[in-house]
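These are my notebook entries on one protein model, set down in the order in which I looked things up. The sequence and structure come before the notes.

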Amino acid sequence: MESVSGNGSGDFPPGTSVSVLKDRRTDALGDLRVLPDEILCTILTRLTPRDVARLSCASSCCFLCSVMYILCNEEPLWMSLCLSIVNRQLEYKGSWKKTALHQLDVLDTYTEACKRTLQFDGFNSLFLYRRLYRCYTSLNGFSFDDGNVERRENISLEEFRKDYDGQKPLLIDGLTDNWPARKSWTSEQLSLKYSDTKFRISQRSSKKVNMKFKDYISYIQIQHDEDPLYIFDDKFAEAAPDLLKDYSVPYLFQEDYFDVLDIDQRPPFRWLIIGPERSGASWHVDPGLTSAWNTLLSGRKRWALYPPGRVPLGVTVHVNEDDGDVNIETPSSLQWCLDFYPLLADHDKPIECTQLPGETIYVPSGWWHCVLNLETTIAVTQNFVNSKNFEYVCLDMAPGFHHKGICRAGLLALDDGGFEHIEKNSMSHENSSNYSDHTRKEKRVRTCQSVENTDNGNCTDMSSCDSLGDLEYSYDVNFLAMFLDNERDHYSSLWSSGNCIGQREFRDWLWKLWVGRPGIRDLIWKGACLALNAGKWYERVKEICAFYDFPSPPQDEKLPVGTGSNPVYLMDDYVTKIFVEGGLEASLYGLGTELEFHHLLCNSTSSLKNYIPSVLASGILVFENGSYRVIPWDGRGIPEVIASSNLITPLHKEVDYPFGVWGKKQFEYQIAGTPSHESGNCGQSSSMWPYIVTKRCRGKIFAELRDNLSSKDALNLASFLGEQLHNLHLLPVPSPSPNHSIPMVIGDCTESSQGNGFSKNTDNPAESELFVSILNRRRNNVTKRLSEWGDPIPSKLIEKVNEYIPDDLSVFFDIFKNETEVCRSLTWIHSDVMDDNIYMTENNISDPCMEENMHVTRSDISNGQKHSWHPSHILDFSDLTLGEPILDLIPIHLDVFRGDSRLLKQFLDSYKIPFLRKESLKNESHGNRSDQLSYRTMCYCILYDENVLGAIFSLWKELRTATTWEEVEEKVWGDLNNYVGFS
């Protein structure tokens, strides 16, 4: 503030002192003054809470820093900082700055230095004022009781399906009249019963936040946040199971195809929703294009909805071109209502309504919607898949990105080549040269952004954005399917991380629907064709069958079986598998290694051969000049069609099996640590498909029997697996070619080793060097990979993973060297002994081999009675490789045994081979961590290609709060340290 004396010129009376406020911003911010306040606040969110606290304290001592003091003490900033570092149960301390510092255990340190609230004149910010206004605004006048969403009461199921299901939103009254929740779901009643129960909080944060209900109620009573914390808990049934007794799914929505899955297998589908005034859900389309119902028990909600393809003003849709992951950038529901809604012309406004207690709103598949709580509300919602939206859900699962953008943003998602893409799809044919060239990693979908007319304050017509030729948008599955990327292999392409269900789980879901609900197989087949290109695979397997004069799969078995990444078909006494996982090169190595293994096994005396289905035929299916051709191949040599195509050059040609296990190990080395979408030809359409035909086993896969298997039969299974893995790991391993150079990486140094020799940097055998090189490559990007996998892997453990794993994995193999010899440490590894790769037969059938007309079909579902079963075969050796024996234990313990230590012990009693050599066992007493089986196995879990950590934290939910990897190691693998084995 400056004092200016009047100069007697007539402006002011002589002697009058006038105060003039000087704008602090220019001097206080210096070069930063060119940045808008919004950008400055965004930059501050990138700092740590400690740094912002220090900057806040320093800024309070200086005039020139006063603006930074103001920015550093903004509550929305501290809310964002706090939620980014939450590492324990959240307890609100009256302000977000205090809450954040409490989380860091430094509250006293900083509040002493900054306990006074300072005030400064001479600084104005429209951005900060608007944000402050949103924090304190009242929503009493936001109700739309005369909204334009239809309201009905006592509607019949037939009328709902005919006029509303899959078509338009509907508000329904009377569905909750008999719910206990109508009376018991109030803040007061819930506080009495669930005061200390922890619920999940939904907020724009990568961290999972939990609060005790009593702390949350205290928070909503005193907070003044622009976008308050919101209980949005999909696990509320675990935290408070009695809540499920207070409501039931309304009769209109009881058809749900996801209910064939166990509760822990299906994607999140039901949520408890509690939030104060100003909270809500910003603009979004429900996950997987599912439909939803939402019932309000207390309070009032304002809803706004747009039909599919109509992107709201202010919303941007981002679609990743590699995996189709969709990210929506949107203002909060309150900000949208205050800042964007007033700009809309009447014909551009959304469909709106105010939902009252006891009312249920139905939101169809694909509809945009946002919700603003006008007062404290309590609600329950569920998403579902039924006959009306099943094809849309399957479509949304399909690999690619065009169709995902079109489903949400309409024709605005089309880029300049969009119409060419449609034309190509309409004339699509199988051509290996038509690979997609994805040069951009992320595409920002053009949204329907209304432009404010500065002359009259009105907005342009949103519909005018859709003037894209003569193509008219339709939320019709046949129209949307035109935008599928048919140049990608739908069966093996990278799956979007945003899909509501994983690839393996999706195939399992289709299979269970196919078997359990034969009446809707036509619909299931349509969905499988959209998501997996099932129709094309069915045509291909029929060509293979015709060549060998085998019967084709019948109509009721034309869907690929199992959950694996390669299509598998059952027909009469045969099983045909087509290799597609990882692309053509990976498929050739998969088949070549399996054939090399079968040849070795057949010439051995191992009893393992009695428990593996015999190979009847193998080869390559080729599509050329509009027709298919079958080329038999036994794995030896290089097929002429491969040699002449110039698509793939085997890594060494002079051996009997150029695509055998050592070539496969080199291929693994080449792609190790490479993102899935960049490795090999993964996802690219091919015109060649390796295949194998084996004899069909009788009985059922263990996955079907798990829940009805007796304890005795489960122990017998564990013994069987121990015996067969014992036999597998004792089989001789082919030697590398003497002239074959084996690349390796020790730390960051790449070397080369010849044949059976040793590298100059280590005394380990060459076979181990290659294995170590692969592990070290995977280790290099382990933090990134675990971060991409995300929940349920605790973020605290991801941050510590580099401290836990050795810098150089070669330390695991130094222990195999003694003074006189280097022990061979690598064996054949199945890699995929899981519940769908184990066959079992009833004990009253003695012969495990196929007998005419005796096999059990997939439709022969258990009637719930317990039978006695014994394991007969181990299936699917397409993932065969060489590695340390302990690797085979990981899928067995996590997937087959589901972490049951009793079964693990039974397995080890039958396995008998030591996992560590005697010299290393002696060294355990010296405290070398790499000598401990539990530590080695845990490291392999972290470095595993598949997300086995997700399985660990799903099986042992208590480990989600673990603070060290050692806790996880001890809980999951600690029993291994007591295992010695027998020589």
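**Entry 1: Cavities**

I searched the structure for enclosed space and found four cavities of 30 Å³ or more. The model is a predicted one, and I read every entry below with that in mind. For the largest cavity I noted a volume of about 50 Å³.

I then asked which residues lie nearest the centre of the largest cavity. They are Asp489, Val580, Gly583, Leu584 and Ser686, out of a lining of 11 residues. Sorted by class, this lining holds five nonpolar, five polar and one charged residues. Two elements, α22 (584–602) and β23 (688–695), each contribute at least two residues to the lining.

**Entry 2: Overall counts**

I recorded 36 helices and 30 strands for the protein. Its length is 983 residues, and 55% of them count as buried. Among contacts with a separation of 6 or more, 77% are made by residues 24 or more positions apart.

**Entry 3: A four-stranded sheet**

I traced an open sheet of four strands, ordered β9-β16-β11-β14, with antiparallel pairing. Which strands stand at the edges? They are β9 (280–285) and β14 (351–355); each has a single partner strand, so one side of each is left without a neighbour in the sheet. On average, and with direction ignored, neighbouring strands here are turned by 10° against each other.

I looked next at how β9 is held to β16 (residues 368–373): four bridges join the two strands, which run antiparallel. In one of these strands, β16, leucine 372 is the bridge partner of glycine 280. Helix α14 (residues 333–340) packs on the sheet and touches β9, β11 (301–306) and β16. I noted an angle of about 100° between the direction of α14 and that of β16.

**Entry 4: Two covered helices**

I checked how many residues of helix α16 (residues 402–409) are buried, and the count is eight of eight. The list comprises His402, His403, Lys404, Gly405, Ile406, Cys407, Arg408 and Ala409. After α16 comes glycine 410, with a positive phi near 65°.

I repeated the check on helix α6 (residues 96–103). Six of its eight residues are buried, so α6 is largely enclosed by the rest of the structure. The buried residues of α6 are Trp96, Lys97, Thr99, Ala100, Leu101 and Gln103. Following α6 is aspartate 105, whose phi is also positive, near 60°.

**Entry 5: Positive phi in two loops**

I looked up arginine 278, which is not a glycine yet has a positive phi of about 85°. Arginine 278 sits in the loop between β8 (270–275) and β9. Is arginine 278 buried or exposed? I found a relative accessible area of 4%, so arginine 278 is buried.

I then turned to aspartate 549, which likewise has a positive phi, about 60°, without being a glycine. Its place is the loop between α21 (534–548) and β19 (568–571). With a relative accessible area of 70%, aspartate 549 is exposed. I therefore entered the two residues side by side: arginine 278 as buried, aspartate 549 as exposed.

Technical notes:
Residues are numbered from 1 along each chain as its sequence is written. This is a predicted model: local features need pLDDT of at least 70, side-chain atom pairs count only at pLDDT 80 or more; totals for chains, interfaces and linings use all residues. Side-chain values use heavy atoms; hydrogens and water are left out. Two strands pair if DSSP finds at least two bridges between them. Axes are lines fitted to C-alpha atoms, for helices over the stretch in contact, and angles run from 0 to 180 degrees between N-to-C directions. Contact means heavy atoms within 4.5 Å. On a 1 Å grid over the protein atoms alone, a cavity is a set of points where a 1.4 Å probe fits but cannot get out, and a pocket is an open set with protein on both sides within 12 Å along at least five of seven lines; lining residues have an atom within 4 Å of a point. Grid points are joined across faces, edges and corners, and a volume is the space filled by probe spheres set on the points. Ala, Val, Leu, Ile, Met, Phe, Trp, Tyr, Cys and Pro count as nonpolar, Asp, Glu, Lys and Arg as charged, and the others, Gly among them, as polar. Buried means under 20% relative accessible area, exposed over 50%, partly exposed in between (1.4 Å probe, protein chains only).
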